[in-house]
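Let's take a walk through a protein together. Have a look at the sequence and the 3D view, and then we'll go from the overall outline down to the details.

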Amino acid sequence: MVTTRRITFKLYPNRQQEKTLHYWRKLHCALYNAAVYNRKTQYQKFGHSVNYLEQQNCLPEFKEVWTEYKPLGSHALQATLKRVDFAFSRFFKGLGGYPKFKASCRYGG
């Protein structure tokens with residue numbers, strides 16, 4: 001019989017690290033809102049349904065234009081886009097409402 005143990009670490013960032021983490025969370029929130037807006041306008045104006053892979057493949061160009069996103073890892077940005085995709089898939093399955101834009105104070109990331 002194998003016993004599994006779980007260890008939880010708690011971070012205690014200093015003020016500078018806290019500011020950086022808060023700024024990064026704002027950037028993720030802005031990316032989330034931009035991805036929702038992109039999907040909404042692409043469908044309304046062109047009748048084109050944008051999926052996760054299209055948005056993910058645009059990330060390198062996005063990081064070139066918006067240089068403040070360069071310090072963020074690509075995996076973290078992909079996870080934010082995955083959250084958008086998950087929200088839309090829940091909406092289309094009838095399990096939730098239409099994805100809304102989020103304020104940075106309401107974005108838990």
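What radius of gyration does the protein have, and what would a compact globule of 109 residues have? Keep in mind that this is a predicted model. The protein comes out at 17 Å, while a compact globule of 109 residues would sit near 13 Å. Put a box around the C-alpha atoms along the principal axes, and you get roughly 50 × 45 × 25 Å.

Now for what fills that box. You'll find 4 helices and 0 strands, so to read the chain from the N terminus on, just say α-α-α-α. Take the contacts between residues at least 6 apart in sequence: 64% of them join residues at least 24 apart.

Next, the inside. Of the protein's 109 residues, 23% count as buried. The largest nonpolar core has 16 residues, and the ones touching the most other members are Tyr32, Tyr69, Leu77, Leu81 and Val84. Two elements, α1 and α4, give two or more residues to this core, with α1 providing the largest share, 6 residues. Zoom in on Leu81: skipping its neighbours within four places in sequence, Leu81 is in contact with Leu31, Ala35, Tyr52, Gln55, Gln56 and Leu59.

Finally, let's hunt for a pocket. The largest one holds about 190 Å³ of space. Its lining includes Arg39, Lys40, Tyr43, Phe88 and Phe91. Here α1 (15–46) and α4 (74–93) each supply at least two lining residues, and the largest share, 4 residues, comes from α1. Sorted by class, the lining has 6 nonpolar, 2 polar and 2 charged residues.

Conventions:
Residues are numbered from 1 along each chain as its sequence is written. This is a predicted model: local features need pLDDT of at least 70, side-chain atom pairs count only at pLDDT 80 or more; totals for chains, interfaces and linings use all residues. Side-chain values use heavy atoms; hydrogens and water are left out. On a 1 Å grid over the protein atoms alone, a cavity is a set of points where a 1.4 Å probe fits but cannot get out, and a pocket is an open set with protein on both sides within 12 Å along at least five of seven lines; lining residues have an atom within 4 Å of a point. Grid points are joined across faces, edges and corners, and a volume is the space filled by probe spheres set on the points. Ala, Val, Leu, Ile, Met, Phe, Trp, Tyr, Cys and Pro count as nonpolar, Asp, Glu, Lys and Arg as charged, and the others, Gly among them, as polar. A nonpolar core is a set of buried Ala, Val, Leu, Ile, Met, Phe, Trp, Tyr and Cys residues joined through side-chain atoms within 4.5 Å. Buried means under 20% relative accessible area, exposed over 50%, partly exposed in between (1.4 Å probe, protein chains only). Contact means heavy atoms within 4.5 Å. The radius of gyration is taken over C-alpha atoms; the globule rule is 2.2 Å times the number of residues to the power 0.38.
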